[in-house]
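Work through the exercises below with the model open beside you, and attempt each task before reading its solution.

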Amino acid sequence: MSAEQPERVFCPVCLAKFKFANGWKEGDTVICPICGQKLRLRRGPEGWVGDRPEKGSEKEIRERAEEYARLRGYVFNEIKEELIQGLIAKNRRFGDFYCPCRMEHNPEYQCPCKPTRGGDVEKNGRCYCGFFWKKA
Amino acid sequence: MAKKPKVYALSTCPYCKRTRRFLDAHRVDYECIEVDQLDDAKQDQALEEIKKLTGKQSFPVVVIGDDIIVGHDEDKLRRALKI
């Protein structure tokens with residue numbers, strides 16, 4: 001018998017998988033450690049997936065942004081509220097919370113966008129649209 | 001007569017809104033193109049114009065005579081508008 005692989009959870013926001021922690025069970029609410037999304041655990045045919053309990057709501061994007069900033073130690077500035085409104089408008093028009101400062105509306109630019117998750121804030125002090133900032 | 005200033009913007013971008021607010025506050029008569037609101041053919045054309053002007057796809061883009069200002073920059077706007 002081969003060694004058991006640790007189970008993983010698929011996040012539908014950042015499209016990545018993260019480790020299933022000891023003690024978690026179906027129906028639990030967890031935070032994706034990669035993008036900050038709140039997820040409800042469900043056992044699907046392909047393994048664990050996280051459902052978005054408040055998909056598309058203002059609450060969802062606000063919580064995701066706060067969690068992501070907390071996880072990475074980032075801060076916001078005075079343009080935060082205007083960017084939240086831009087994200088809400090993107091969701092209304094294109095069906096999800098894509099970066100309000102980009103033309104594209106594809107999963108790569110779901111907030112926090114892939115370049116941000118890839119370290120843009122560390123490199124540039126801020127993300128592309130100036131939502132997340134490195135602590136001074 | 002000099003050509004009207006032109007703004008390429010995204011309807012969801014707060015920096016584009018700030019640029020427009022600045023121009024409005026200074027009573028500048030300008031043309032604004034909300035690129036994300038255009039139909040596909042017009043959008044392709046606008047993006048092509050932006051690429052030609054700036055070499056990238058970043059918003060807002062303001063064209064004032066020979067000046068091309070990328071991003072919301074009130075100092076550059078003032079200089080270009082001579083205000």
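**Exercise 1.** Starting from R42(A), which stands opposite V49(A) in β5(A), work out how β4(A) is joined to its partner strands and in which order the sheet of chain A is built.

*Solution.* The model is a predicted one, in which local features need pLDDT of at least 70 and side-chain atom pairs count only at pLDDT 80 or more, whereas totals for chains, interfaces and linings use all residues. Residues are numbered from 1 along each chain as its sequence is written, while chains are lettered from A and ligands numbered from 1 in the order in which they are written.

Step 1: fix the vocabulary. Helices (H or I, at least four residues) and strands (E, at least two) are DSSP runs numbered from the N terminus, and two strands pair if DSSP finds at least two bridges between them.

Step 2: follow β4(A) to β5(A). Strand β5 (residues 47-51) of chain A runs antiparallel to β4(A), with 5 bridges joining them, and the hairpin that connects the two strands passes through 2 residues.

Step 3: turn to the other partner. Strand β3 (residues 29-31) of chain A pairs with strand β4 (residues 38-44) of chain A over 3 bridges in the antiparallel sense, and I31(A) stands opposite K38(A). This hairpin has 6 residues between its strands, and G36(A) in the turn has a positive phi of about 85°.

Step 4: assemble the sheet. The order is β2-β1-β5-β4-β3 (chain A), an open sheet of 5 strands with mixed pairing. The edge strands, each pairing on one side only, are β2 (17-19) and β3 of chain A. Neighbouring strands are turned by 45° against each other on average, direction ignored, where axes are lines fitted to C-alpha atoms, for helices over the stretch in contact, and angles run from 0 to 180 degrees between N-to-C directions.

**Exercise 2.** Describe how α1(A) and α2(A) cross, and say which residues meet.

*Solution.* Step 1: take the geometry. The axes of helix α1 (residues 58-72) and helix α2 (residues 80-94) of chain A come within 10 Å and cross at roughly 130°.

Step 2: classify the angle. Angles under 35 degrees count as roughly parallel, over 145 as roughly antiparallel, 65 to 115 as roughly perpendicular and the rest as oblique; α1(A) and α2(A) are therefore oblique to each other.

Step 3: assign the hand. A crossing is left-handed if the near helix is turned anticlockwise from the far one by less than a right angle, and right-handed if clockwise; the crossing of α1(A) and α2(A) is right-handed.

Step 4: list the residues. E58(A), I61(A) and R62(A) in α1(A) meet I84(A), L87(A) and I88(A) in α2(A), with two residues counted as in contact if their C-beta atoms, placed from the backbone, lie within 7 Å.

**Exercise 3.** Check the span of α2(B), and place this helix on the sheet of chain B.

*Solution.* Step 1: compute the span. The expected span of a helix is 1.5 Å times one less than its number of residues, so the 15 residues of α2 (residues 40-54) of chain B should span 21 Å, which agrees with the 21 Å between its end C-alpha atoms. Just after α2(B), G55(B) takes a positive phi of about 75°.

Step 2: lay out the sheet. It is open, with 4 strands in the order β2-β1-β3-β4 (chain B) and mixed pairing. Its edge strands are β2 (31-34) and β4 (67-70) of chain B, and neighbouring strands are turned by 15° against each other on average, direction ignored.

Step 3: add the helices. α2(B) packs on the sheet, touching β1 (6-9), β2, β3 and β4 of chain B, and its direction makes about 70° with that of β3(B). Helix α3 (residues 74-81) of chain B also packs there, touching β3 and β4, and its direction makes about 165° with that of β4(B).

**Exercise 4.** Locate the cis peptide bonds that precede P112(A) and P60(B).

*Solution.* Step 1: recall that most residues other than glycine have a negative phi, and most peptide bonds are trans.

Step 2: take chain A. A cis bond joins C111(A) and P112(A), with omega about -5°, and P112(A) is placed in the loop between α2 and α3 (114-117) of chain A.

Step 3: take chain B. The bond from F59(B) to P60(B) is cis, with omega near -10°, and P60(B) lies in the loop between α2 and β3 of chain B.
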